[in-house]
Structures are given as structure tokens and as C-alpha cells.
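Open the model in your viewer and keep the selection tool at hand. Take the stops in order.

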Amino acid sequence: MAEFWSWVEMLPLSARIGESWWFPLLESIHVLTAMFVFGSILFVDLRLLGAAAMQYPAARFTREFLHWTWGAFAIALISGLGMFMTRAGWYVTNRAFQAKLVLLALAALNMALFHFLGQRDIDRWDAAARTSKAARIAGAASLFCWLGVTLAGRWTGHLS
Amino acid sequence: MSDPLRELARALANSGAHDAAVDWLRTVPGLPPIMQTLHLASIAVVLGTIVVLDLRVLGLAVPSQSPAEMSRRLAPWTWSALPVLLVSGAIFVLARPQRYFTNPMFGIKFALLVPALALTAALYSVTRRTDARPAIARVLAVTSLLAWIGVVLAGRWIAYVDYLFPPE
């Protein structure tokens with residue numbers, strides 16, 4: 001596996017990014033898009049927790065802007081990969097980066113569980129004054145995961 | 001750097017707040033990334049609220065919600081993120097005032113922050129009263145977002161200033 005990561009680092013594109021202003025540019029784009037992802041998911045989390053926008057049904061509230069979140073996520077992912085390939089071998093052994101990947105996987109799992117199991121009874125509480133217990137758990141877990149992803153991402157750069 | 005700024009940087013560097021900031025950042029485990037995450041999470045709140053309102057005002061998302069109601073609901077979130085941004089950023093400036101006050105990107109960031117705040121205040125003020133989405137609201141939506149993107153980019157490039165302003 002180590003050979004594969006050094007092969008990635010040796011790619012002409014990796015060197016091009018790592019040795020120029022491309023890296024800070026990609027990092028800036030990553031910060032901008034990732035923070036919009038976090039901010040807009042915060043909307044959903046607070047709605048699921050019953051803390052904001054209760055006058056709008058949860059399902060519709062989420063559906064009406066989440067495609068923008070996915071678009072921003074795609075850009076954050078591509079810019080992140082661009083930074084990753086400059087020092088792939090270093091990133092994969094970086095504890096903070098490993099934690100970030102685990103938290104991203106947990107965020108995805110939480111999203112999938114809520115999508116396929118947690119909101120089966122959404123019709124019952126969609127417009128109610130109080131959200132379901134599953135919705136509140138999913139909202140809190142998502143908030144925790146994304147805060148953790150941000151912290152681990154920022155911490156990655158602090159480790160040598 | 002102008003003389004008043006130089007004076008301010010020197011005064012800050014000699015203050016007790018400087019010593020406290022340096023001490024905390026050095027001795028509290030993980031404090032630098034934690035404060036930066038607080039700063040980033042507040043940026044997420046500012047960007048999230050403004051982008052979603054902008055998309056609504058421009059007719060690109062959330063068609064079922066009233067723009068005026070959204071504006072009134074989102075404004076407190078945007079404004080309450082600002083003190084958190086100030087405190088989480090100030091600790092780094094206090095710890096190394098000379099580094100920041102001599103950095104051109106730091107100056108650009110704060111020069112952009114003024115229009116960003118003014119345009120955001122104008123956007124909220126125009127949109128909170130009407131669902132009509134007048135042309136001025138659309139202009140404010142686009143310009144306020146561009147100003148905030150500029151603030152975030154300049155903030156990130158404080159660390160990469162040498163690419164744009166090569167040291168002599």
C-alpha cells in the first residue's frame with residue numbers, strides 16, 4: 001500500500017499542486033465549500049432537533065436545498081483529494097486525518113440509517129410541534145460528527 | 001504598516017492579554033485547532049445562513065418558504081456568530097500582533113469585512129419586509145455573498161501571503 005501512496009505522490013499533478021499556489025487555492029476552496037456543507041447540514045440538524053424552522057415540514061425543508069449541499073460536498077471532496085495527493089503517504093498515517101475519515105463515515109452511516117429507518121414514520125411527526133426521538137438522535141449525531149470532521153480536518157495540519 | 005497600527009501592535013505585544021493568549025495557546029492541549037474550529041464553525045453559520053437566503057432571494061432554492069420570514073429567522077444566527085468569530089480570532093492576533101498587523105492579507109480581510117457587514121445588514125433589512133424579491137435584494141444577495149467569500153479567502157491566505165506579496 002505504501003508503494004501505491006508514493007506512486008500517487010509522484011504523479012506530475014501532485015507535484016504541480018504541492019509546489020505552487022495551487023495548494024492554498026485548493027485549500028481555500030475546500031474551506032469555503034466544506035463550511036457551506038457544515039452550515040447547511042446544521043439547518044437540517046437543528047430542524048431534526050426541533051430547535052429551528054418548526055413551521056416548515058421537516059422533509060420538505062430539507063429537500064429544498066440539500067442538492068446545493070451535495071454540490072458543495074463534491075467540490076470539497078475534489079479539492080480535498082487534490083491536497084491529499086501531494087503527500088498521500090503522510091496523510092494516511094496522520095492520526096487526525098484518520099479520525100476525520102472515520103467521522104465522515106459515521107456521518108454518512110447516520111444519514112443512511114435515518115434515511116432508511118429513522119424517517120419511516122416521518123408523516124406522523126413531519127409537521128408536529130415535536131420531532132420523533134429517532135430524528136432528535138440523528139440530528140444530534142450529525143451535529144457531533146460534522147463538528148468532529150471540522151476539528152479533525154483542522155487538526156490534521158497541526159501534526160508534523 | 002502605518003504608525004498608529006505599529007503603535008497598536010506594540011501596545012498589544014506588551015499587554016497582559018498578549019501574555020495570557022501566548023500562555024493558553026501553548027499550554028492548553030489542542031487549543032489552537034479547537035479555537036480555529038470554533039472560528040470555522042461560526043463561518044459555517046454565516047455562510048450557511050447567507051447562502052441559503054441568497055438562493056431563496058435569487059429564486060434558486062427553498063421555494064416553499066417566505067423570503068421575509070426566512071430573513072427574520074436567519075438574521076439572529078448570522079449576527080450571533082460574529083462575537084464568536086471575534087473572540088476565536090482575537091486570541092491568535094493577541095498572541096502574535098506583529099505577525100498579523102504586518103500581513104497585507106490581514107489588512108485585506110478586514111477591508112473586505114466592512115462591506116461584507118454593511119451589505120449583509122442591508123440585505124437583511126431589505127428582505128425582512130417583503131416577499132417580493134426586488135432587484136435591490138438580488139444585487140445585495142450576490143454582492144454580500146461575494147464579500148463574505150472574499151473575507152474567508154483572505155483569512156485563509158494570511159498563512160500563504162508570500163505567494164502574493166513575495167518577501168523582499
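Select Gly59(B). This residue comes just after α3(B), and its phi is positive, about 80°. Keep in mind that you are looking at a predicted model.

Now step back along the chain and select α3(B), residues 31-57. The helix has 27 residues. From its first C-alpha to its last it reaches 39 Å, close to the 39 Å expected at 1.5 Å a residue. Is this helix enclosed or open? Colour its buried residues to find out: 23 of the 27 are buried, so α3(B) is largely enclosed by the rest of the structure.

Next, show both chains. How many residues of chain B are in contact with chain A? There are 28, and they touch 25 residues of chain A. On the chain B side, two elements give two or more residues each: α3 and α7 (135-157). The largest share, 15 residues, comes from α3(B). Colour the chain B side by class, and you get 21 nonpolar, 5 polar and 2 charged residues.

Stay with α3(B) and add α9 of chain A, residues 133-156. The two axes come within 9 Å and cross at roughly 130°. That angle makes α9(A) oblique to α3(B). The crossing is right-handed. Which residues make this contact? From α9(A), pick Leu147(A), Thr150(A), Leu151(A), Arg154(A) and Trp155(A). From α3(B), pick Pro33(B), Ile34(B), Gln36(B), Thr37(B), Leu40(B) and Ala41(B). By class, this contact divides into 7 nonpolar, 3 polar and 1 charged.

Hide chain A and view chain B alone. Chain B has 8 helices and 0 strands. Its C-alpha atoms fill a box of roughly 55 × 35 × 25 Å along the principal axes. Of its 168 residues, 36% are buried. Now look at contacts between residues at least 6 apart in sequence: 78% of them join residues at least 24 apart.

Select α2(B), residues 16-27, and α4(B), residues 67-95. Their axes come within 8 Å and cross at roughly 105°. The two helices are therefore roughly perpendicular to each other. Show the side chains where they meet. Ala17(B), His18(B), Ala21(B), Val22(B) and Leu25(B) lie on the α2(B) side. Ile91(B), Leu94(B) and Ala95(B) lie on the α4(B) side. This contact has 7 nonpolar residues, 1 polar and no charged ones.

Staying in chain B, go to the loop between α6 (104-127) and α7, and pick Arg133(B). Its phi is positive, about 55°, although Arg133(B) is not a glycine. Is it buried or exposed? Arg133(B) counts as partly exposed, because it has 17 C-beta neighbours inside 10 Å.

Bring chain A back and select its α3, residues 22-49. At 1.5 Å a residue, its 28 residues should span 40 Å, and the end C-alpha atoms are 40 Å apart, which agrees. What follows this helix? Gly50(A) does, with a positive phi near 80°.

For the last stop, move into the loop between α3 and α4 (58-63) of chain A and select Ala53(A). Its phi is near 55°, a positive value in a residue other than glycine. Ala53(A) has 19 C-beta neighbours inside 10 Å, so it counts as partly exposed. The cut-off for buried is 20 or more.

Conventions. Residues are numbered from 1 along each chain as its sequence is written. Chains are lettered from A and ligands numbered from 1 in the order in which they are written. This is a predicted model: local features need pLDDT of at least 70, side-chain atom pairs count only at pLDDT 80 or more; totals for chains, interfaces and linings use all residues. Two residues are in contact if their C-beta atoms, placed from the backbone, lie within 7 Å. Helices (H or I, at least four residues) and strands (E, at least two) are DSSP runs, numbered from the N terminus. Ala, Val, Leu, Ile, Met, Phe, Trp, Tyr, Cys and Pro count as nonpolar, Asp, Glu, Lys and Arg as charged, and the others, Gly among them, as polar. The expected span of a helix is 1.5 Å times one less than its number of residues. A residue is buried if 20 or more other C-beta atoms lie within 10 Å of its own, exposed if 12 or fewer, and partly exposed in between; C-beta atoms are placed from the backbone. Axes are lines fitted to C-alpha atoms, for helices over the stretch in contact, and angles run from 0 to 180 degrees between N-to-C directions. Angles under 35 degrees count as roughly parallel, over 145 as roughly antiparallel, 65 to 115 as roughly perpendicular and the rest as oblique. A crossing is left-handed if the near helix is turned anticlockwise from the far one by less than a right angle, and right-handed if clockwise.
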